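This report describes the overall fold of a single chain and then turns to one of its pockets.

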Amino acid sequence: MNILKEAKALLKHNIRDYGMYIALLVIMLIFTVMTNGLFMSSRNISNLIDSAGYIAVLAVGVMLVIVIRHIDLSIGFLAGFLGAIAAILLVQVGLPVYLVIPIILLLGMAAGSITGLLVAKVGIPAFVATLAGWLIYRGALLQATEKSGTINVNNDAFNAIGNGYIPSLAQIGGLHLLSLLLGAAAIIYYIYSAIKNRKNKLRYNFEVVSAPLFIIQLVLVSFLMGYVTWILAGYNGFSWTMIIILLVLIVYHFITTKTVLGRHIYAVGSNPEAAHLSGINVSKITFIVFGSMGMLSALSGILFTSRLQSATTTAGTLFELDAIAAAFVGGVSAAGGVGKVTGAVIGAVVMATLVNGMNLLGVGIASQYMIRGGVLALAVIFDVMTRRQGA
């Protein structure tokens, strides 16, 4: 009973962090029951993750933008435009993939830096500056694709980014061996880091959960990680899109939790005036965050173009709204200063899960938009309520 009371208190205290995971599990369980298990098939889960890839990458970037109390409306068509540029460089110019990808990422960083300059130095409101970017990149995309309408990409190496899978060392019982090994390594690392983190907290007399509850947490999370690995290994294993998502998550999680830059980003979001008075260069932080957003937009454009194996005039449409919705569902606060990289990725998965499950059930597109809007509204209401309780 003591463990149950402690777990209940822990959940109540960390409801913002745990709420999205609980919501995801509930949604997945509902769709699994309603589709007679089809939703949790290896093929469907693999396709779901791949379809969430380009939005998940954008959600990570826009989460940081919202954390510092700004917004970026240009990211959707910036992603579409840079995806078209990638297709042009591959198909019409004939550049190899290993040159095209860094060029596109640098172009994205440059575009984001221009936005950051307008916001941080010139003082233009982010809404206005990025709305101008939305219009500019929309027009640039149309101009880049106006001759053919669609630019088909026949480069196998590039298309593998959005459609390919990591190589398999062997098949064991029909399961992808390399994916199983990577999943096992991730579980071992998670257990090691969790135990190390707990020991460090105890050393400095920080409050930690009881040993029985800690063990339950380790077992539960390890089981979920193993189960997802087993499902994906039953199809073609981990996709390159999933590997890219995990790399973005790891890099940005490290930056936001283990570096001075990360602490400064959250300090600026919590109180820009106090951050400035404490010696933090608010303009510099704003510039860096928007530059990062541009680079992630470029990566999103690469993922989307690769997945479609073509660049189209409609690429990037509503990407920014899907990414912003994913960030809010993932727990970022509209008031700034609060948000996690893991939450943004989970938020993207939640939104992709809703779309995937409703498609399997044959729900009409009109109803889908209304349901997704309702979920977004609930996420913001949840944010407001938790902030009031915290106050």
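In this predicted model, the chain is built from 16 helices together with 4 strands. A compact globule of 391 residues would be expected to have a radius of gyration near 21 Å, and because the chain itself has 21 Å, the two values agree. Taken along the principal axes, the C-alpha atoms fill a box of roughly 70 × 60 × 40 Å.

The packing of the chain can be described through burial, contacts and exposed surface. Of the 391 residues, 47% are buried, and among the contacts with a separation of 6 or more, 79% are between residues 24 or more positions apart. The area that the chain exposes comes to about 19300 Å², of which carbon and sulfur atoms supply 69%.

The pocket considered here is the second largest, with a volume of about 640 Å³. Its lining is formed by 27 residues, of which Tyr54, Ile55, Asp322, Val355 and Arg372 are the closest to its centre. At least two lining residues of the second largest pocket come from each of helix H3 (42-67), helix H14 (319-329), helix H15 (341-361) and helix H16 (365-390).

The composition of this lining by residue class is set out below.

| Class of lining residue, second largest pocket | Number of residues |
|---|---|
| Nonpolar | 17 residues |
| Polar | 8 residues |
| Charged | 2 residues |

The lining of the second largest pocket thus comprises 17 nonpolar residues alongside 8 polar and 2 charged ones, with Asp322 and Arg372 among the residues closest to the pocket centre.

How values were computed: Residues are numbered from 1 along each chain as its sequence is written. This is a predicted model: local features need pLDDT of at least 70, side-chain atom pairs count only at pLDDT 80 or more; totals for chains, interfaces and linings use all residues. Side-chain values use heavy atoms; hydrogens and water are left out. On a 1 Å grid over the protein atoms alone, a cavity is a set of points where a 1.4 Å probe fits but cannot get out, and a pocket is an open set with protein on both sides within 12 Å along at least five of seven lines; lining residues have an atom within 4 Å of a point. Grid points are joined across faces, edges and corners, and a volume is the space filled by probe spheres set on the points. Ala, Val, Leu, Ile, Met, Phe, Trp, Tyr, Cys and Pro count as nonpolar, Asp, Glu, Lys and Arg as charged, and the others, Gly among them, as polar. The radius of gyration is taken over C-alpha atoms; the globule rule is 2.2 Å times the number of residues to the power 0.38. Buried means under 20% relative accessible area, exposed over 50%, partly exposed in between (1.4 Å probe, protein chains only). Contact means heavy atoms within 4.5 Å. Accessible areas come from the Shrake-Rupley method with a 1.4 Å probe; for residues, only the protein chains shown count as cover.
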